[in-house]
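Me: I would like a close look at one helix of this protein, followed by an account of how other parts of the chain are arranged. Please write for a first-year student.

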Amino acid sequence: MFHADTPPGQNEQSKQNEQTKPRDAFFDNAKYLAILLVAIGHSWEPLKGDSRVLQGLYMVVYTFHMPAFIVISGYFSRSFDMRPARLKRLLTGVAVPYILFEIAYSLFSRYANDDPHQKITLLDPLYLTWFLCSLFIWRLTTPIWKLVRHPLAVALGIAMLASCTPELTDDFDLQRTAQFLPYFVLGLVLKPEHFQWVRGRAMRVLAVPVFAGAVVFGYWAVPRMNASWFYHHDSAQEFAAPWWVGPVMMLAMFGCSLLLTAAFYSWVPSRKTWFTALGAGTLYGYLLHGFVIKGAGYAGLFDHAWLHRPYGVALVTALAATVVTLLCTPPVRRVFHFVIEPGMEWAFKRDAAQLAREREQFEKPQGQQPVREKVNA
């Protein structure tokens, strides 16, 4: 889902920026731990139906893992504007990976799952590609959120309206884009001191009863609540609920998500750890782990009865964590860099100011150098 201006990965320009501005270990740690929860949650999906405990844990994880991811995306999008350099990074770091992986996942579903009816279309994000589609839209609207007086209130209003509007088109997964919008806007308005505050000792202590209460509530809610609410993919009417339930649920879930996200951040280490460097490769882990999870499902590996028992779930969880960790490592990033963070200099016009500076340096008379050296002597 993010350092400098290219969440959650980094391109060549952001790498140059890192040479002058050190990375914050806290955010890299948070990104890695969040992507770890994303992969674990996806691995639980085919197993959770046989266990109320696992379903409850699944609800808890889905309450905050994407909000935590998206808040950081918004936080590192604060400097986004419509300058050509930033638009180029948006295209190469978000739009192009979306196009390539939307096609890749569609082809993978068609042939690995033997589904000849699987369409290849950029209008309907498949599986986890929705995040890139939404991120592209959110970041394009960043200048607007920096302009309005109460951006979070406006974003919440949009999300609440979307939650009771079944007519909202499915193109580009706009329903989910609208319902997750407040988390991105929250990231835009947060300041460094907010993250410092949430990492205080008192917050770390309070996080223990918060997560314990969430697990208990999740267990209680399993037979009483549709877990699909956490996907933010549908309106209230599509759950056969009255229209007013959508805005109420949106507000309630926003509050719960913020509480658990704050508790999650409070436990994220601020120091460098063995996984800190992996935070720079979370986009790779996010986009690639889906092929492993989906491939295992297509092959029927989740159908084995013993995998649905506690020790089987523990094994699947460990494997998912291991796989996504490996996918964030430098060797994998070097292999897939050309599709996830393509340079694509050939596709863009050269910046006029930069060209002028280069031309001026090239055309500078050779006789000037000795004069300057003489003056400086």
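Reply:

**Helix α13 and its surroundings**

Helix α13 covers residues 310–327, which is 18 residues, and it reaches 26 Å from its first C-alpha to its last, close to the 26 Å expected at 1.5 Å a residue. The model is a predicted one. Within α13, the buried residues are Gly312, Val313, Val316, Thr317, Ala320, Ala321, Val324, Thr325 and Leu327. These buried residues pack against four other helices, namely α2 (25–44), α3 (52–75), α12 (282–298) and α14 (330–340).

The chain to which α13 belongs contains 16 helices and 0 strands. It has 377 residues, of which 49% count as buried. About 18900 Å² of the chain is exposed, and carbon and sulfur atoms supply 65% of that area.

The helix α2, against which buried residues of α13 pack, also holds a pair of charged residues. Lys31 and Asp28 form a salt bridge, with their closest N and O atoms 3.3 Å apart. The two residues are 3 places apart in α2, so they are separated by about one helical turn. Both Lys31 and Asp28 are buried. For Asp28 the relative accessibility is 3%, and it counts as buried because this value is under 20%. Asp28 has a further partner in Arg23, with the closest N and O atoms 2.7 Å apart in this salt bridge. Arg23 is partly exposed, with a relative accessible area of 23%.

The structure holds 6 salt bridges. Another of them links Glu345 with Lys88, the closest N and O atoms being 4.0 Å apart. Glu345 lies in the loop between α14 and α15 (352–363), whereas Lys88 lies in helix α4, so this pair ties together parts that are 257 residues apart in sequence. Glu345 is exposed, at a relative accessible area of 54%, while Lys88 counts as partly exposed at 25%. Returning to the residues around α2, salt bridges that share partners join Arg23, Asp28 and Lys31 into one network.

Helix α4 also contains Ser106. This residue has 0% relative accessibility and therefore counts as buried. Its side chain reaches the backbone oxygen of Glu102 at 2.8 Å. Apart from neighbours within four places in sequence, Ser106 is in contact with Gln118, Lys119, Ile120 and Leu126.

Ile120 leads on to the surface of the protein. There, Ile99, Ile103, Leu107, Tyr111, Ile120 and Leu122 form a nonpolar patch, and together they have about 500 Å² of accessible area. Leu122 belongs to the loop between α4 (84–112) and α5 (130–140). Its relative accessible area is 34%, and Leu122 is therefore partly exposed.

A further loop, between α10 (201–221) and α11 (245–267), contains His232. Here the relative accessibility is 3%, and so His232 counts as buried. The side chain of His232 makes a polar contact with the side chain of Gln179, at 3.0 Å. When residues up to four places away in sequence are not counted, His232 touches Gln175, Arg176, Gln179, Phe180, Tyr183, Met250 and Met253.

How values were computed
Residues numbered from 1 in each chain as written. Predicted model: local features only at pLDDT ≥ 70, side-chain atom pairs only at ≥ 80, totals over all residues. Heavy atoms only, no water. Patch = residues over 30% accessible without salt bridge, like charges linked within 9 Å, V, L, I, M, F, W, Y side chains within 5 Å. Areas by Shrake-Rupley, 256 points an atom, 1.4 Å probe, with all protein chains shown as cover. Salt bridge = Lys/Arg side-chain N within 4 Å of Asp/Glu carboxyl O. Buried < 20%, exposed > 50% of the residue type's maximum accessible area, 1.4 Å probe, protein only. Expected span 1.5 Å × (residues − 1). Contact = heavy atoms within 4.5 Å. Polar contact = N/O pair within 3.5 Å; in protein donor to acceptor, adjacent residues only side chain to side chain.
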